[in-house]
Amino acid sequence: MDRGIGEAAAIQVGDVDPVPHFLRVRRQVQGQVRGKQEVVAPKAGSERDVPIPQSLTEWLTLHVQTIGTYGEERWLFQSGNALLNRNSAGHQWRLIRSQVGLEQFTLHDLRHFYASALIAAGCDVVTVQRALGHSSATITLNIYSHLWPTAEDRTRAAAKRLDARGRRAPCGLCADWRPMTTR
């Protein structure tokens, strides 16, 4: 089972921590069909706590209140009254994506979207590595390095901020500009 699907299928209600807003990844479902699936620890020791926004915590709480949970383990997502597996998760995703016009996207694409959004928001490689459960930053960089801004990009952005600041000054120059003095 795809790691993202397997980890999502194995989330239990208790894995959503509403106070500091974390989603705890402690297990994954392996197997494609009922009867041949098992719940195991995530690969490469990638158990982790993923920070999530309060809005997602609230949405997951509403989800549980609306549809309930499956079994004594209280699985957060299910297919009917059964634990999701690769086939049932894929089927559920195909139903959902057709309703919202996302037919071209796979569940794994959502994982890439999440990583891309973290990078665009300025998260460093270790933060993205931990959120995705990669065993090393090298894996994260091998997949996503092209998304981080280059030194040239950061230089341009800094110069743009300076330019904008100077344009706001009454005389058109930076308000606190002082000529450099040499000794």
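Two strands pair if DSSP finds at least two bridges between them. With that rule in hand, let's work through a predicted model.

**Exercise 1. Find out how many helices and strands the chain has, and in what order they come.**

*Solution.* Start with the tally: the chain holds seven helices and seven strands. Then walk from the N terminus, where the elements read α-β-β-β-β-β-α-β-β-α-α-α-α-α.

**Exercise 2. Decide whether β2 and β5 pair, and in which sense.**

*Solution.* Step one is the cut-off, at least two bridges. Step two is the count: β2 and β5 share four bridges, and their pairing is antiparallel. Step three is to look at single partners. R24 has D49 of β5 as its bridge partner, and L23 has V50 of β5.

**Exercise 3. Place β2 and β5 in their sheet and work out which strands stand at the edges.**

*Solution.* Write down the strand order first: β1-β2-β5, an open sheet of three strands with antiparallel pairing. Now look at the ends of that order. β1 (16–17) and β5 each have a single partner strand, so each has one side without a neighbour in the sheet.

**Exercise 4. Sort the side chains of β5 by face and say which are buried.**

*Solution.* Begin with the general pattern: in a regular strand, side chains alternate between the two faces of the sheet. Next, apply the cut-off for burial, under 20% relative accessible area. In β5, R48 and V50 share one face and are buried. D49 and P51 point to the other face and are not buried. Combine this with Exercise 2: V50, the partner of L23, is on the buried face, while D49, the partner of R24, is on the other.

**Exercise 5. Describe the largest pocket: its volume, its lining and the elements that supply the lining.**

*Solution.* Take the volume first: the largest pocket contains about 1,400 Å³ of space. Its lining consists of 36 residues, and those closest to the centre are A8, I11, F77, L107 and L110. Elements giving two or more residues include β2 (22–25) and β5 (48–51), so familiar from the sheet, along with α1 (3–9) and α2 (54–67). α3 (86–100), α4 (107–120) and α5 (125–132) also belong to that group. The top contributor is α4, with seven residues. Finally, sort the lining by class: 27 residues are nonpolar, five are polar and four are charged.

**Exercise 6. Give the share of the chain that is buried and the area that it exposes.**

*Solution.* Of 183 residues, 31% count as buried. The exposed area is about 12,000 Å², with 56% of it supplied by carbon and sulfur atoms.

Methods
Residues are numbered from 1 along each chain as its sequence is written. This is a predicted model: local features need pLDDT of at least 70, side-chain atom pairs count only at pLDDT 80 or more; totals for chains, interfaces and linings use all residues. Side-chain values use heavy atoms; hydrogens and water are left out. On a 1 Å grid over the protein atoms alone, a cavity is a set of points where a 1.4 Å probe fits but cannot get out, and a pocket is an open set with protein on both sides within 12 Å along at least five of seven lines; lining residues have an atom within 4 Å of a point. Grid points are joined across faces, edges and corners, and a volume is the space filled by probe spheres set on the points. Ala, Val, Leu, Ile, Met, Phe, Trp, Tyr, Cys and Pro count as nonpolar, Asp, Glu, Lys and Arg as charged, and the others, Gly among them, as polar. Buried means under 20% relative accessible area, exposed over 50%, partly exposed in between (1.4 Å probe, protein chains only). Accessible areas come from the Shrake-Rupley method with a 1.4 Å probe; for residues, only the protein chains shown count as cover.
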